[in-house]
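Work through the two exercises below with the structure open. Each task is followed by a solution in steps.

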Amino acid sequence: MKTNSNSNNSNKFLNQMDEKQSDLCFLARLYYEISHFQEAMDCVERLSQINPVFNYDDLMLLNVITKARVDPERSTIRTLASYSDSEEKENHVEIVDRIRNYQDVVKHDLQEFAYRSISLIENVLKPNSDSSENIAFCDKILGDLYRYIVECGDESERENARNNAEKCYREALDIAKADLIICSPVRLNIILNYAVFVYEHDKKPDDAIEILKKLIETDLPGLQQIDGEKRAESERIINVIQNNLGVWCAQRSYQA
């Protein structure tokens with residue numbers, strides 16, 4: 001987590017820039033590249049105040065910023081949980097309490113960021129989206145954010161977040177299947193992340209594997225329809241899909 005001093009210095013730099021769309025896009029990318037993800041998100045929020053109609057590149061930037069912002073905290077929560085379980089077996093009560101207290105702090109920070117991002121998308125970006133692709137992209141990011149909350153919320157919060165994640169993913173899937181071209185990066189990303197949700201949170205590995213197998217069969221031949229940066233992004237996602245499929249199939253074989 002960043003100190004107030006770092007945040008204040010970043011805000012001074014941000015405030016020295018003109019409130020122009022191009023400047024804010026530049027700053028958001030700059031902050032992202034130097035791993036100042038909260039400051040990058042601040043720029044995205046200010047950008048939405050100037051122009052709430054985000055194009056594909058704007059949404060892609062939002063997508064990578066939100067993931068980069070929460071992934072270290074997700075990893076921290078998992079690591080702390082592992083240490084907590086280990087120390088609990090040794091009956092180290094005081095250490096366990098300290099670990100869990102810090103884990104609660106990290107969880108709160110992740111949830112606060114996730115809900116703030118959800119509010120931006122639900123109240124500003126999605127209502128102003130001007131294409132099926134962008135609406136589906138918004139739903140995909142919402143599904144991801146709710147999925148992150150599932151990982152760190154209390155029991156009632158997890159159930160509510162799980163239901164919202166499934167709703168957002170299914171809405172994104174409906175649009176992707178009806179309106180998006182085969183093998184587009186948004187379509188691939190939606191189906192991949194929904195499969196991850198089914199695997200990790202629905203606990204249905206066979207269904208998740210079938211989703212990805214069907215995706216490879218139906219979408220891979222359509223890769224020739226994509227060119228430029230979108231094709232490169234589609235190829236990257238396909239590699240992730242194939243890696244996940246390999247790991248999941250290996251785990252299923254091992255468990256059998």
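## Exercise 1: a helix and its ends

Task: compare the span of helix α4 (residues 56-89) with the expected value, then describe its bend and its two ends.

Solution. The model is a predicted one.

1. Helix α4 has 34 residues, and from its first C-alpha to its last it reaches 49 Å. At 1.5 Å a residue, counted for one less than the number of residues, the expected span is 50 Å, and the value found is close to this.
2. Along the helix, Val70 marks a bend of about 30°. A proline, Pro72, follows within four residues of the bend.
3. At the N-terminal end, Asn55 acts as the cap of α4, with a side-chain oxygen 3.1 Å from the backbone nitrogen of Asp57. This distance is within the 3.5 Å cut-off for a polar contact.
4. After the helix comes Asn91, which has a positive phi, near 65°.

## Exercise 2: the cavity

Task: find the cavities of 30 Å³ or more in the whole structure, and work out what lines the largest cavity.

Solution.

1. The search returns one cavity of 30 Å³ or more. The volume of the largest cavity is about 40 Å³.
2. Its lining consists of Cys183, Leu188, Leu215, Ile216, Asp219, Leu220, Ile238 and Ile241.
3. Sorted by class, seven of the lining residues are nonpolar, none is polar and one is charged. Asp counts as charged, so the charged residue in the lining is Asp219.
4. Which helices each supply at least two residues of the lining? They are α9 (205-219) and α10 (228-255). Helix α9 gives the most, with three residues.

Methods: Residues are numbered from 1 along each chain as its sequence is written. This is a predicted model: local features need pLDDT of at least 70, side-chain atom pairs count only at pLDDT 80 or more; totals for chains, interfaces and linings use all residues. Side-chain values use heavy atoms; hydrogens and water are left out. On a 1 Å grid over the protein atoms alone, a cavity is a set of points where a 1.4 Å probe fits but cannot get out, and a pocket is an open set with protein on both sides within 12 Å along at least five of seven lines; lining residues have an atom within 4 Å of a point. Grid points are joined across faces, edges and corners, and a volume is the space filled by probe spheres set on the points. The bend at a residue is the angle between axes fitted to the seven residues ending there and the seven starting there. A polar contact is a pair of N or O atoms within 3.5 Å; within protein, one must be able to donate a hydrogen and the other to accept it, and residues adjacent in sequence count only if both atoms are side-chain atoms.
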